[in-house]
Amino acid sequence: MEKVRNALLGVKQRLRGQGNPTVAKIQRQRSLRDRIWRGLPYIRALLFTVGYLWLLVIPSSRLGQGTYIDENALQPGQVNTYWNWEEVHRADKILADLEQLRDRNASSEEVAQYAVTEFERYGIPARKQHYSFDVVGETVNGTNAYAVMQSPRASGTEAIVISASWLSRTGDGDGTLNLRGVSTVLALAPYLKKYSLWAKDLVFVISDGYLDGMQAWITTYHGETQPNLKAEALSLRSGVIWTALNIDYPGHSFSHLGLFFEGLNGRLPNQDLLNSVSLISRYTVGVPVLVYDHIDPRDDHNQPSLLPSWLPEPLKANGDVQEYASRARNVYRHMNYQARGAASGVHGLFHQFRIDAITLFAVPATGPHGFHALGRILESSLRTCNNLLERLHASFFFYLLVAPGTFMKIGSYLPSAILVGTAMLFTGLGEWVKAGWTFGSAAPLGGDEKNEKAAPSGGEGKWRRRSRPVLQPIVIMGLTHLLGALLFFLVSSSWFVSNIKVNGPILAGLFSALPLLSTLVPPSPPSHASIPSVLKAFNLCFASALISITSVLNFSLAATMAIFMGLPLTLATPSSPSSPTRMIKYAAYCALAFGWLVVCPEETRRAIWNWEVLRVWFAPFVCVVYVPLVLQAGLVCLLPS
């Protein structure tokens, strides 16, 4: 034991060094700080590299796991379905009536009245709801029809919604009619009324338009107010809505059932609902399931290849490469919906009220499935939702559905954006530290030796502390965000929307020129750090915090910010007043900040409409957050150092 004790003491002595232990501890801390500081560029490069590579490997077949049911009460596919050809015949008759309404260009009022008549014919109370949205440059009017079938076995405190919009989600509501989806709902209502097993109210909604009709109905149902919405109060009401199924069936028949699940502002439904419908469709009815409407070329050779033509044939034939391409398409579309805060279907409007909802999209084809298969899927899915004793909570709310039966947990993809945000944070902190020191002559500054430290190479100069201006960079940041708020006010005005292709470039040029006034700010004295260096430190730290926080709420938006702001903000460097590249760098950052006004006029119009009608935060976020952050990086290059 004595030998062991002496050996441990020897190790401690070597670690602590000779002399005063406190001095040795301080020396070790300084040595560690110096090593971290010297290695900071490599740490940043490593974090950026790993973060971006992680984003690229998300679709890999080596990642992800199979989907499964978490909530035992659901018991999907455990019941017999009785939807049969009699109900299919009823749906066909309703479809013929709807086609007549379409052919004579019937108004929304006539379509809603027809739906109400059909519901009431079978003893289900039904009503109409008129609404209008005052949107920039136009007024959106419509009429919804809805019916409430009271539960025969409960008090009606909970409800399930079965809905169909008049317009299909095909082309994001480009005008394709959802006649067979509406027919399915109208035929399903009298069929479900025959059974007394329902423990929840069944609410049937035929919404006008694509998204606007359901937004008016669901907002009014929950007693919410919207300044630009005028909607009639609902005379028929039910209890708390737990789940909702939206039917979208635009073709004559269908080959696959596509699942759409993204909601407003990046919300997702509980994964158990998706998994239950998928399991029922595949194993109870025999209809293959897709993520969205993406048919894999490996299953249908008529589909175009997902791989580029220049790829070598051995790689094209590789199964892992083909799987990667298929998953990458699903991940890209998911991130496209979620990052923009857009709903991928009518179901997405329910998520804002904590209602788990999905859209069942019948992928148009020449066969082999039709009303019969879709009715059985809906019947079994409703029976599954009817089993719930509480809201869905056991499964995941944050996930990536990379394939019909495969998903990724949040811990598998979240670090990619976090690593990029961390790299930006380290860069910002490094800029803050660098701004606080200057290397100069050995003469003491004001005789205060605490503000000095020896040069690492033993030269004649010394590192001296210097003041860092804080107020000016904060004022600049605040003004850029006010400029973003002004930009949002203008792009959401009727003047801008009336001629967006002309006004977009005008605004881009105007708002690129306004920050040039910041060049009138006098430079800092030699004894102070430059304003651009402190501005870059604040800009990177703020952007890093924003990416890290957003990644938990809306990963796709955080990943998009990491791609568009990670390296550009990090590479922004102050320039001398005489540098010829100063304006070139600033122009490049202005293009990154305002390019969407010129390049994406229709996407800008859609984002404004989504804000006005659906309260999607993407448009104000871009104007008030993204644009100012990129502008600040441009000002780092523009302002004299």
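Here is a chat about the sheets, pockets, cavities and a few single residues of a predicted model.

User: Hi! What should I know about the model and its numbering before we start?

Analyst: Hello! It is a predicted model, where local features need pLDDT of at least 70, side-chain atom pairs count only at pLDDT 80 or more, and totals for chains, interfaces and linings use all residues. Residues are numbered from 1 along each chain as its sequence is written, and side-chain values use heavy atoms, with hydrogens and water left out.

User: Great. What is the strand order in the open sheet of nine strands?

Analyst: The order is β6-β2-β3-β5-β4-β7-β10-β8-β9, and the pairing is mixed. Strands here are DSSP runs of E with at least two residues, helices are runs of H or I with at least four, and both are numbered from the N terminus. Two strands pair if DSSP finds at least two bridges between them.

User: Which strands are at the edges?

Analyst: Those are β6 (229-231) and β9 (289-291), each of which pairs on one side only. From one strand to the next, the twist averages 25 degrees. Axes are lines fitted to C-alpha atoms, for helices over the stretch in contact, and angles run from 0 to 180 degrees between N-to-C directions.

User: And how many bridges link β7 and β10?

Analyst: Six bridges, in the parallel sense, between β7 (residues 240-248) and β10 (residues 356-365). As one example, Asp 248 has Phe 361 in β10 as its bridge partner.

User: Switching to pockets: how much space lies in the largest one?

Analyst: About 1100 Å³. On a 1 Å grid over the protein atoms alone, a pocket is an open set of points with protein on both sides within 12 Å along at least five of seven lines; a cavity is a set where a 1.4 Å probe fits but cannot get out; and lining residues have an atom within 4 Å of a point. Grid points are joined across faces, edges and corners, and a volume is the space filled by probe spheres set on the points.

User: Which residues are closest to the pocket's centre?

Analyst: Of the 35 lining residues, they are Asn 336, Ala 339, Thr 560, Phe 564 and Phe 618. The largest share of the lining, eight residues, comes from α9. Other helices that supply at least two residues include α2 (21-57), α16 (555-571) and α19 (618-638).

User: What's the chemical make-up of that lining?

Analyst: It divides into 29 nonpolar, four polar and two charged residues. Here Ala, Val, Leu, Ile, Met, Phe, Trp, Tyr, Cys and Pro count as nonpolar, Asp, Glu, Lys and Arg as charged, and the others, Gly among them, as polar.

User: How many cavities are there of 30 Å³ or more?

Analyst: Four. The largest cavity has a volume of about 70 Å³, and its lining includes Trp 166, Asn 144 and Asp 208. By class, that lining has five nonpolar, four polar and one charged residues.

User: What about the second largest?

Analyst: About 60 Å³ of space lies in the second largest cavity. Its lining has eight nonpolar, four polar and no charged residues. The largest share of this lining, three residues, comes from α15, and His 334 and Tyr 399 are among the lining residues.

User: Tyr 399 is in a strand, right? What does it pair with in β12?

Analyst: Its bridge partner there is Lys 409. Four bridges join β11 to β12 (residues 406-409), and the two run antiparallel. Helix α11 packs on the sheet, touching β11 and β12, with its direction at about 55 degrees to that of β12.

User: Is Glu 431 in α11 buried or exposed?

Analyst: Glu 431 is buried, with a relative accessible area of 13%; buried means under 20%, exposed over 50%, and partly exposed in between (1.4 Å probe, protein chains only). Leaving aside neighbours within four places in sequence, Glu 431 is in contact (heavy atoms within 4.5 Å) with Ser 533, Lys 536 and Ala 537.

User: Last one: which peptide bond is cis?

Analyst: The bond from Gly 367 to Pro 368 is cis, with omega near 5 degrees. Pro 368 lies in the loop between β10 and α10 (371-386). For backbone angles, also look at Arg 354, which has a positive phi of about 60 degrees although it is not a glycine. Arg 354 lies in the loop between α9 and β10.
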